[in-house]
Amino acid sequence: MPRVGKLYDSTIGKKIFMAATGAILWLFVIGHMIGNLKIFLGAEHFNAYAEFLRTVGEPLFPESGLLWIARIVLLVSVGVHMLAALQLTLLSWAARGTEKYRKQDQLAFSYASRTMRWGGVIILLFVIFHLLHLTFGTVHPSFEPGSPYHNVVAGFRVWPVSLFYILAMIPLGFHMYHGLWSACQTLDVNNKRIRDLRRPFSMAVALVVVAGNISIPLAVLAGFVH
């Protein structure tokens, strides 16, 4: 543990922790999107998927045991990711006070990288609303515990909510795209083949996730999912 703390104290260590936790969150978002697309198979399949998440690991683990372990890992990953991002931002601001931008650094910044910070804040606010909306039902118009298909459809029938979900996917897409690219930079992935493919691969995955997530509220609003 002291070695881990010592590694985190350095700038490169913070970047490594940020890249590692970002990878965990990146994989979760992809898996979450794939699971949610089961809604197009109908209520029976979607509810069965939700039930599987609650019962997976039984009888070795109690009901929802593995689900809560996954939630804790995700929560810790989010916390470390945000802390590292905040500290790196403060270090970056402090450095800018004493050094001028290098021309090379300016050219390296894309629109996605410049929006990573406020995009992360928007994503955090979206996640909080998402949990209150479809997990706890606090801000849901007709939440029914144990009826995930109904909750999704009834929730997305409210068009301002669907619009919010759709717009929130834009910063998520930018975050995923730039996150994978910057993680490769941090981890010093210098293989030419990987280096040439990481941008198009990151863009393709981000677009698929955004399109997949957006398709659900659009399908509900259009009446394809009802």
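## Close-up views of a helical chain

**A ring at the edge of burial: F164.** At 34% relative accessibility, F164 counts as partly exposed, because that value falls between the 20% under which a residue is buried and the 50% over which a residue is exposed. As you look at this view and the others, keep in mind that the model is predicted. F164 is one of the residues of an aromatic cluster, which also takes in F126, F129, F156 and Y165. The next view looks at how some of these rings meet.

**Aromatic rings meet between helix 7 and helix 9.** A pair of aromatic rings is described by the distance of the centres and the angle of the planes. The structure holds 8 aromatic pairs. One of them joins F126 and Y165 edge-to-face, with 5.1 Å from centre to centre and 85° between the planes. This pair brings together distant parts of the chain: F126 belongs to helix 7 (residues 116-135) and Y165 to helix 9 (residues 159-186), 39 residues apart. Are F126 and Y165 buried or exposed? Both F126 and Y165 are buried. F129 and F164 are edge-to-face as well, because their ring centres are 5.3 Å apart and their planes stand at 85°. Here too, distant parts of the chain are linked, with F129 in helix 7 and F164 in helix 9, 35 residues apart. F129 has a relative accessible area of 22%, so this residue is partly exposed rather than buried, the limit for burial being under 20%.

**Helix 8 is largely enclosed by the rest of the structure.** Why can we say that helix 8 is largely enclosed? The reason is that 8 of its 9 residues are buried. The buried residues of helix 8 are P148, Y149, N151, V152, V153, A154, G155 and F156. You have already met F156, a member of the aromatic cluster. Among the elements of the chain, helix 8 (residues 148-156) also has the highest mean pLDDT, at 96.

**A salt bridge sits within helix 3.** How many salt bridges does a search of the whole structure find? There is 1. R54 forms a salt bridge with E51, and their closest N and O atoms are 2.5 Å apart. The two residues are 3 places apart in helix 3, about one turn of the helix. An α-helix has 3.6 residues a turn, so residues three or four places apart point the same way. Both partners are partly exposed, with R54 at 25% relative accessibility and E51 at 35%.

**Two backbone features mark the loop between helix 3 and helix 4.** Most residues other than glycine have a negative phi, and most peptide bonds are trans. In this view, a cis peptide bond joins E58 and P59, with omega at about 0°. P59 has its place in the loop between helix 3 and helix 4 (65-96). S64 lies in that loop as well. What is the phi of S64 near? The phi of S64 is near 70°, a positive value in a residue other than glycine. S64 counts as buried, because its relative accessibility is 13%.

**R71 lies over the face of W68.** Here a side chain meets the flat side of a ring. The distance from R71 to the ring centre of W68 is 4.6 Å.

**A43 and H226 come from distant places in the sequence.** These two residues are 183 apart in sequence, while their C-alpha atoms are 9.2 Å apart in space. A43 lies in helix 3 (residues 43-55) and is partly exposed, with a relative accessible area of 31%. Across the chain, among contacts between residues at least 6 apart in sequence, 68% join residues at least 24 apart.

**Helix 5 calls for careful reading.** Helix 5 (residues 103-108) has the lowest mean pLDDT among the elements of the chain, at 41. Over residues 100-112, pLDDT stays under 50, and the model has 10 contacts beyond four places in sequence for this stretch. Where pLDDT is low, the predicted coordinates should not be read in detail. The chain as a whole averages a pLDDT of 83, and 81% of the residues score at least 70.

**Stepping back, the chain holds 10 helices and 0 strands.** Of its 226 residues, 35% count as buried. The chain exposes about 14,200 Å², of which carbon and sulfur atoms supply 70%.

Definitions and conventions. Residues numbered from 1 in each chain as written. Predicted model: local features only at pLDDT ≥ 70, side-chain atom pairs only at ≥ 80, totals over all residues. Heavy atoms only, no water. pLDDT = per-residue confidence, 0-100. Helix = DSSP H or I, 4+ residues; strand = E, 2+ residues; numbered from the N terminus. Contact = heavy atoms within 4.5 Å. Phe/Tyr/Trp six-rings, centres within 6.5 Å; stacked < 30°, edge-to-face > 60°. Buried < 20%, exposed > 50% of the residue type's maximum accessible area, 1.4 Å probe, protein only. Lys NZ or Arg CZ within 6 Å of the ring centre and 35° of its normal. Areas by Shrake-Rupley, 256 points an atom, 1.4 Å probe, with all protein chains shown as cover. Salt bridge = Lys/Arg side-chain N within 4 Å of Asp/Glu carboxyl O.
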